[in-house]
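This briefing is meant for a reader meeting the structure for the first time. Please look over the sequence and the model shown below, and then follow the points grouped by topic.

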Amino acid sequence: PNVGKSMFALIYTLKANVRTLFFSADTDTTTVMMRSLSHISGHSQVTVETNLNVNPNFYKKHYERFKQIQWVFDSSPSLDDIEGEIKAYIELYGTTPELIVIDNLMNIAAETDNEWAGLRAIMMELHDMARKTEACVMVLHHVSEQSEYGPPNNPPPRRSIHGKVAQLPSLIVTMGYDVQSNFIKLAAVKNRFGPHAADGSMSVPLKVDYAHCQIEEAIYANQY
């Protein structure tokens, strides 16, 4: 929690620059706009807010970067809502999105009172959705904060994922934040097509600047 999952997914989407359907259930419209403009312009979010208050068209030249992204800001969409949005996207553009972002899994309305069973059922539907659309489906989710999983500056292991929903995804990446080095660490705890370590011990550092919404490669490439 509070490591920057939503910001990471947003920056990933902006850098990917592919046809995207982004379900931002956990982050409101204003925050997404501020972060996006901050990332693109290099200005801090505070500066972006000030500039927009003075001139709503201050960042007009940057809006072209958003044209590939369709946003859905429903705070608690159901699976039917998500399916409906995908059908509407296909109707509008004549093709499926290449990237579908779900921020986050806990915000999707489940059809059962059992929370964990509901999460697993949702993941099964999203897995099927990925196969039918051939899109990359990125799902953001939470992990346990129990001390047995190590300090929060290291990526948590696969077993810490809430709801035991690790069976279906092809790739699972966990995140930690090292406040001393100002790095976020990303660890592939499941990867069907490449190296991974379930305990999160094999991580890659990325330099992060939360104020300006920037994530960059670290100066060195050595793994932690």
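**The parallel sheet and its helices**

Strand β3 (residues 99-103) and strand β4 are paired in the parallel sense, over four bridges. The model in which this pairing is seen is a predicted one. The wider setting is an open sheet of four strands, which come in the order β2-β1-β3-β4 and pair in parallel.

- β2 (69-72) and β4 (136-139) stand at the edges of the sheet with a single partner strand each, so one side of each is left without a neighbour in the sheet.
- On average, and with direction ignored, neighbouring strands of this sheet are turned by 15 degrees against each other.
- Within the pairing of β3 and β4, Val101 stands opposite Met138, a residue of β4.
- Helix α1 (residues 5-16) packs on the sheet, where it touches β1 (20-24), β2, β3 and β4, and its direction makes about 165 degrees with that of β3.
- Helix α4 (residues 79-93) lies across β1, β2 and β3, and runs at about 150 degrees to β1.

**The chain as a whole**

- The protein chain has five helices and eight strands, and when read along the sequence these follow the pattern α-β-α-α-β-α-β-α-β-β-β-β-β.
- The radius of gyration of the protein chain is 18 Å, close to the 17 Å that the globule rule gives for 224 residues, so the chain is as compact as a globular protein of that length.
- Along its principal axes, the C-alpha trace of the protein chain spans about 50 × 45 × 30 Å.
- Of the 224 residues in the protein chain, 42% are buried.
- Among the contacts in the protein chain with a separation of 6 or more, 58% are made by residues 24 or more positions apart.

**Aromatic pairs**

- The count of aromatic pairs comes to six, and one of them joins Phe58 and Tyr59, whose ring centres are 4.8 Å apart and whose planes stand at 65 degrees, so the pair is edge-to-face, a term that applies to planes over 60 degrees apart.
- Phe58 is partly exposed, with a relative accessible area of 40%, whereas Tyr59 counts as buried at 1% relative accessibility.
- Tyr177 and Tyr210 also form an edge-to-face pair, with 5.2 Å from centre to centre and 80 degrees between the planes.
- The pair of Tyr177 and Tyr210 links distant parts of the chain, since Tyr177 is in strand β5 (residues 171-178) while Tyr210 is in the loop between β7 (203-209) and β8 (214-217), 33 residues apart.
- Tyr177 is partly exposed, with a relative accessible area of 22%, and Tyr210 is partly exposed as well, with a relative accessible area of 27%.
- Phe22, Trp71 and Phe73 are linked by ring pairs into a cluster.

**The surroundings of Ser44**

- Ser44 has its place in the loop between α2 (29-41) and α3 (45-54), and at 15% relative accessibility Ser44 counts as buried.
- The side chains of Ser44 and Thr47 are joined by a polar contact of 2.9 Å.
- If its neighbours within four places in sequence are left aside, Ser44 is in contact with Ser38, Ala211 and His212.
- Ser44 and Asp74 are 30 residues apart in sequence, and from C-alpha to C-alpha they are 27 Å apart in space.

Methods. Residues numbered from 1 in each chain as written. Predicted model: local features only at pLDDT ≥ 70, side-chain atom pairs only at ≥ 80, totals over all residues. Heavy atoms only, no water. Phe/Tyr/Trp six-rings, centres within 6.5 Å; stacked < 30°, edge-to-face > 60°. Buried < 20%, exposed > 50% of the residue type's maximum accessible area, 1.4 Å probe, protein only. Helix = DSSP H or I, 4+ residues; strand = E, 2+ residues; numbered from the N terminus. Contact = heavy atoms within 4.5 Å. Polar contact = N/O pair within 3.5 Å; in protein donor to acceptor, adjacent residues only side chain to side chain. Pairing = 2+ DSSP bridges. Axes fitted to C-alpha atoms, helices over the stretch in contact; angles between N-to-C directions. Rg over C-alpha atoms; globule rule 2.2 N^0.38 Å.
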